[in-house]
Amino acid sequence: MSVLFIILGILMMMCGFSCLFTPLLTFMSAGYFIVILVLVYGVFGIVRAIANKKFGVNFAFSILSVIFGVVVLFFPSMMLLSDSLLLYLTAAWFILMGIVTIYAAVMLKKSGSKVWVAELIFGILAILVGLFSFFQPMFMAISIGVLISIFFIETGITMLITGVAND
């Protein structure tokens, strides 16, 4: 299982750096990047829940992430409904992702894991990105490529740390 987390982490980081160096292209195709991020996050969460035999909030949110990603992939017109809707959905998803990540950090701390601090920091960063996006939607529209790339990179780092720590 650790090898899967390491591979997914590296792929997420590579995707993040690709987005960072091409922010305009990322903005133009942000919907597909978000769907990929949501799907990978969902699959990662489901695999983690099954491996740890913990089927709580993280597991439910992971299933919702996969369902959302699959629906958008099969109905691309949903992605084109409105750019503003996409911006606010992205902001809400960042906040929810941050809350779930902070919850996971608390659970990791209780279990004695040493990676809980990284999870907590990335959860707080995700919430801050989401809140900023709600209050500054025009800035979010301009900088979505950079914000998504940062989130891809930090999610990849989290996956990588989790994979190495569980090895």
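**Notebook: aromatic pairs and the largest pocket**

I began with Phe151, which counts as buried at 4% relative accessibility. The model I consulted is a predicted one.

I next looked up the ring pairs and recorded a count of 8 aromatic pairs. One of them joins Phe55 and Phe59, with 5.0 Å centre to centre and 80 degrees between the planes, an edge-to-face arrangement. I noted Phe55 as exposed, because its relative accessible area of 52% is over 50%.

I then turned to Trp93 and Phe151. Their ring centres are 5.7 Å apart and their planes stand at 75 degrees, so I entered this pair as edge-to-face too. Trp93 belongs to helix α6 (residues 83–111) and Phe151 to helix α8 (residues 137–165), so the pair ties together parts that are 58 residues apart in sequence. I checked Trp93 for exposure: at 12% relative accessibility, Trp93 counts as buried. Both residues also belong to one aromatic cluster, which I listed as Tyr41, Phe61, Trp93, Phe94 and Phe151.

My last entries concern the largest pocket, for which I recorded a volume of about 550 Å³. I found 30 residues in its lining, and Arg48, Asn52, Asn58, Ala104 and Leu108 lie nearest its centre. I listed α3 (30–52), α4 (57–74), α6, α7 (116–135) and α8 as the elements that give two or more residues to this lining. Helix α6 gives the most to the lining, with 8 residues. Sorting the lining by class, I noted 14 nonpolar, 12 polar and 4 charged residues.

Key:
Residues numbered from 1 in each chain as written. Predicted model: local features only at pLDDT ≥ 70, side-chain atom pairs only at ≥ 80, totals over all residues. Heavy atoms only, no water. Phe/Tyr/Trp six-rings, centres within 6.5 Å; stacked < 30°, edge-to-face > 60°. Buried < 20%, exposed > 50% of the residue type's maximum accessible area, 1.4 Å probe, protein only. Helix = DSSP H or I, 4+ residues; strand = E, 2+ residues; numbered from the N terminus. 1 Å grid on protein atoms, 1.4 Å probe; cavity = no way out; pocket = protein on both sides within 12 Å on 5 of 7 lines; lining within 4 Å. Points joined across faces, edges and corners; volume = space filled by probe spheres on them. Nonpolar A, V, L, I, M, F, W, Y, C, P; charged D, E, K, R; others polar.
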